[in-house]
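Reader: I should like to examine the following protein model through its geometry. Please explain each term when it is first needed.

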Amino acid sequence: MPEEYKAERTVSAVFKEEKQIDGAIRRLLDRGVSRDHISVMGKNFQSETRIAGFITKKDLILGGLRNGAIFGSLFGSFLSLLTGVGVLFIPFVGPVVAAGPLGAVLIGAASGAIAGSAGAGLVSALATLGMPEDKATIYQTRLEAGEFLVMAEVAADKSGEIQLLLESAGGEEISVNDMILPRASTGRCSSPADLSPEVRSHLSEEAQKTFIERYNRAFDETNDASKAEHAAWDAIHQQYEENEQGIWTKPLAAGLKA
């Protein structure tokens with residue numbers, strides 16, 4: 001990714017057909033949008049796209065991994081060029097394929113806002129990230145109906161150009177807003193401030209300390225941020241339990257023994 005690339009706006013659109021997605025991604029890449037700033041989500045990827053085993057890409061964020069979650073690579077389409085692909089369950093929508101930074105954020109939030117006890121859906125997650133709730137509601141409804149969401153994070157002076165690009169590629173319900181997706185840590189964590197908001201907001205203070213300690217230990221061993229975050233979430237799931245607010249806290253039994 002060029003050093004001068006700076007994302008300041010997010011341009012979003014829905015597409016009715018899967019075959020339109022490849023064209024939209026290709027145009028975005030040709031126009032200089034970084035692959036690390038393109039997100040795609042949908043339920044009914046069927047034609048040339050297939051799930052093929054577990055993903056091990058360095059840039060896939062596995063925070064919040066839950067039992068039963070499936071992660072795989074998508075081949076046979078431009079989706080394979082994006083930074084990471086996962087399959088997760090979103091209340092009111094069902095199982096979806098999520099690629100790019102949006103997928104990483106939602107997977108990272110899977111233990112809280114998305115799949116927590118409150119059962120919050122995509123509307124809540126997107127609104128928390130900064131998307132207008134009315135537009136997020138439309139996107140959730142259309143995803144539930146089997147359509148596809150594409151998001152591109154771009155420089156402010158490119159937002160109009162990218163809006164026209166997605167429209168010409170067949171995009172509908174186009175939205176431009178200031179939402180920029182949080183990124184995971186790329187190095188060691190020195191304090192809770194280094195954690196992404198989606199991770200930090202779902203951990204108690206004690207759990208944050210456990211997360212950082214395990215993350216740093218795994219990062220020192222592997223020099224791989226995604227593996228370190230995966231190891232940190234494993235430690236959280238082993239030592240803490242999730243309360244009704246979707247926050248991981250000490251299990252009651254462990255607290256009584258302390």
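Reader: How many residues of strand S2 are buried?

Author: Strands (E, at least two residues) and helices (H or I, at least four) are DSSP runs, numbered from the N terminus. Buried means under 20% relative accessible area, exposed means over 50%, and partly exposed lies in between, for a 1.4 Å probe and protein chains only. S2 is largely enclosed by the rest of the structure, because the number of its residues that are buried is five of the five.

Reader: What pLDDT do local features need in this predicted model?

Author: Residues are numbered from 1 along each chain as its sequence is written, and side-chain values use heavy atoms, with hydrogens and water left out. This is a predicted model, in which totals for chains, interfaces and linings use all residues, side-chain atom pairs count only at pLDDT 80 or more, and local features need pLDDT of at least 70.

Reader: Which residues of S2 lie on each of its faces?

Author: Both faces of S2 are covered, and the residues on either side are all buried. One side carries Ile38, Val40 and Gly42, and the other carries Ser39 and Met41.

Reader: How many bridges join S2 to S6, and how many join S2 to S7?

Author: Two strands pair if DSSP finds at least two bridges between them. S2 (residues 38–42) runs antiparallel to S6, with Met41 opposite Ala98 and Val40 opposite Ala99. S2 is also antiparallel to S7, where Ser39 stands opposite Met151. The bridges number three for S6 and five for S7.

Reader: Why is S6 described as largely enclosed?

Author: S6 covers residues 94–99, and its antiparallel partner is S2. It is largely enclosed by the rest of the structure because the buried residues number five of the six.

Reader: Is Met151 buried or exposed, and what is its relative accessible area?

Author: Met151 lies in strand S7, which spans residues 148–154. Neighbours within four places in sequence aside, Met151 is in contact (heavy atoms within 4.5 Å) with Thr10, Val11, Ser12, His37, Ile38, Ser39, Leu102, Met179 and Leu181. Met151 is buried, and its relative accessible area is 1%.

Reader: How far is Met151 from Ser175, C-alpha to C-alpha?

Author: In sequence, Met151 and Ser175 are 24 residues apart. In space, their C-alpha to C-alpha distance is 9.3 Å.

Reader: Which strands does S1 pair with, and by how many bridges?

Author: S1 (residues 9–15) has six of its seven residues buried, so this strand is largely enclosed by the rest of the structure. In S7, Val154 is the bridge partner of Arg9, while in S8 (residues 172–177) Val176 stands opposite Val11. Both pairings are antiparallel: S1 is joined to S7 by seven bridges and to S8 by four.

Reader: Which residue of S8 has a phi near 50°?

Author: Most residues other than glycine have a negative phi. A positive value, near 50°, is found here in a residue other than glycine. That residue is partly exposed, with a relative accessible area of 32%, and it is Glu173.

Reader: What is the relative direction of helices H1 and H5?

Author: The axes, which are lines fitted to C-alpha atoms over the stretch in contact, give angles from 0 to 180 degrees between N-to-C directions. For H1 (residues 19–30) and H5 (residues 159–168), the axes come within 9 Å and cross at roughly 150°. Angles under 35 degrees count as roughly parallel, over 145 as roughly antiparallel, 65 to 115 as roughly perpendicular and the rest as oblique. H1 is therefore, with respect to H5, roughly antiparallel.

Reader: Which residues of H5 meet H1?

Author: From H1, the residues in the contact are Ala24, Arg27 and Leu28. From H5, they are Ile162, Leu165, Leu166 and Ser168.

Reader: What is the handedness of the crossing of H3 and H4?

Author: The axes of H3 (residues 122–129) and H4 (residues 133–144) are 8 Å apart, at an angle of about 145°. A crossing is left-handed if the near helix is turned anticlockwise from the far one by less than a right angle, and right-handed if clockwise. The crossing of H3 and H4 is right-handed.

Reader: What percentage of the residues of the protein count as buried?

Author: The protein has nine helices and 10 strands. Among contacts with a separation of 6 or more, residues 24 or more positions apart account for 71%. Of the 258 residues, the share that counts as buried is 51%.
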